[in-house]
Every structure is written in structure tokens, then in C-alpha cells.
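Biologist: I would like a close look at a single part of this protein, followed by an account of how that part sits within the rest. Please take the chain and the model as shown here.

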Amino acid sequence: MRYFEDIEVGESKTLGTETLSQDEIIDFASEWDPQDYHTDPEAAKESVHGGIIASGSHTVAVAIREWVEEDLDDVKNMGAREIRSLTWERAIRPGEELEFEVEVLDKEPDEYNPTHGFVEYELSINVDDETVVSMISEQVIGTREVWG
């Protein structure tokens, strides 16, 4: 288990990969984001996107799952304090291999509570070495002094 004290600004980790099929994109969007460019291949062809694209919520959910499974499960993570930014540079299409990466941008102790500190992370989704989604969030991370 890693604690606040163990995390270094600048450290980064390459996580796993995931490829979303058209069926997965349509299934997710049918439940959670039922816009025709996510759910209807024919209507999507007529949209500005020219075909089915993944819901932004879907891509972020997949990235967070990957982050938790490959990194945060081994950190005394106590939840997110905030999402500072969330940017989609371009649409994600069925069959693209998504690569996930996380980097520590900053950290600071909670001056009022010794049980935790705050760590600012950037979680990125890349396709062919191009960042297509970026999320900057601040996580609450437990201290070794209290939890270790």
C-alpha cells in the first residue's frame, strides 16, 4: 500500500489498454447517453462525426476503471476532492486502441487534518501517442502516519 508520503510529484505510470467495439459503445450509450451519434450507426453517418463515436462519459468511465485497477488499488485513496478539468480533444471511434497514463502533477498536505493530503493527477487517454482525453483531478490520499 502506498500512502501520501510515498507519492512523488512528476511520477507517471503507463496503465493498460482497451479497445471499445461499436456494440459496446452503443450498449453504454443506449443506457447512459442516448444520443444518435452514439447509438444509431445510420444517423451517426449523417452527423458532424460521420459515424458512431464513444460517449465522453463512457471513455472517462473506462479510463477511471483502468486507473483504479492498475494504480489506485495500491494507494490509500480516499476519494476525489474535485475534477479540475476534463477535455476531449477528439472523438473516440470503435476499434481504436486506447492507452491510459497517469501522472502526478502536484501534492500538498492538508494543513488542518493529518489523516490525509491532496494529490493532483492527470489521467490521459492516448491513441497512437496522441492525447485524446485528459482529466485533471485532485484525490484525497491517506497518510502513513495515520493509516499505515
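Where does serine 55 lie?

Modeller: The model is a predicted one, and in it serine 55 is placed in the loop between H3 and H4. Serine 55 counts as buried because its relative accessibility is 1%, where buried means under 20%. Leaving out residues up to four places away in sequence, serine 55 touches Phe28, Asp33 and His38.

On one side of this loop is helix H3, which covers residues 41-46. Within H3, the side chains of lysine 45 and glutamate 42 meet in a salt bridge, with 3.3 Å from N to O. Because lysine 45 and glutamate 42 are three residues apart in the helix, about one helical turn separates them. Lysine 45 is partly exposed, with a relative accessible area of 49%, whereas glutamate 42, with 52%, is exposed.

On the other side of the loop comes helix H4, residues 56-70. H4 has 15 residues and reaches 21 Å from its first C-alpha to its last, which is close to the 21 Å expected at 1.5 Å a residue. The buried residues of H4 are Gly56, His58, Thr59, Val60, Val62, Ala63, Glu66 and Trp67, and these buried residues pack against strand S1 (12-19) as well as H1, S2, S3, S4 and S5.

Trp67 leads from H4 to the largest nonpolar core, which has 29 residues and in which Trp67, Tyr121 and Ile125 are the residues with the most contacts. At least two residues of this core come from each of helix H1 (22-32), helix H4, strand S3 (97-109), strand S4 (116-127) and strand S5 (130-142). S4 gives the most to the core, with five residues.

After H4, the chain enters the loop that runs to strand S2 (77-88), and aspartate 71 is found in this loop. Aspartate 71 is buried, with a relative accessible area of 9%. If its neighbours within four places in sequence are left aside, aspartate 71 is in contact with Arg2, Lys13, Leu15 and Val102.

One of those partners, arginine 2, also takes part in a salt bridge, in which its side chain meets that of glutamate 11 at 2.8 Å, N to O. Both ends of this pair are partly exposed, glutamate 11 at 26% relative accessibility and arginine 2 at 25%. A further salt bridge joins aspartate 6 to arginine 144, and here the closest N and O atoms are 2.8 Å apart. Since aspartate 6 lies in the segment before S1 and arginine 144 in helix H5, this pair ties together parts that are 138 residues apart in sequence. Aspartate 6 counts as partly exposed at 27% relative accessibility, and arginine 144 counts as partly exposed at 36%.

A search of the whole structure finds eleven salt bridges. Among the residues with such pairings, Arg81, Glu82, Arg84, Glu120 and Glu138 are linked in a network of salt bridges.

Helix H5 covers residues 144-147 and also holds valine 146. Valine 146 is partly exposed, at 41% relative accessibility, and together with Met78 and Trp147 it forms a nonpolar patch on the surface, with about 270 Å² of accessible area for the three together.

To place these parts in the whole, the protein has five helices and five strands, and along the sequence they follow the pattern β-α-α-α-α-β-β-β-β-α. Of the contacts between residues at least 6 apart in sequence, 71% join residues at least 24 apart. Buried residues make up 41% of the 148 residues in the protein, and serine 55, at 1% relative accessibility, is one that counts as buried. The accessible surface of the protein comes to about 8,000 Å², and carbon and sulfur atoms account for 44% of this area. Taken along the principal axes, the C-alpha atoms fill a box of roughly 55 × 25 × 20 Å.

How values were computed: Residues numbered from 1 in each chain as written. Predicted model: local features only at pLDDT ≥ 70, side-chain atom pairs only at ≥ 80, totals over all residues. Heavy atoms only, no water. Core = buried A, V, L, I, M, F, W, Y, C linked by side-chain atoms within 4.5 Å. Buried < 20%, exposed > 50% of the residue type's maximum accessible area, 1.4 Å probe, protein only. Helix = DSSP H or I, 4+ residues; strand = E, 2+ residues; numbered from the N terminus. Patch = residues over 30% accessible without salt bridge, like charges linked within 9 Å, V, L, I, M, F, W, Y side chains within 5 Å. Areas by Shrake-Rupley, 256 points an atom, 1.4 Å probe, with all protein chains shown as cover. Salt bridge = Lys/Arg side-chain N within 4 Å of Asp/Glu carboxyl O. Contact = heavy atoms within 4.5 Å. Expected span 1.5 Å × (residues − 1).
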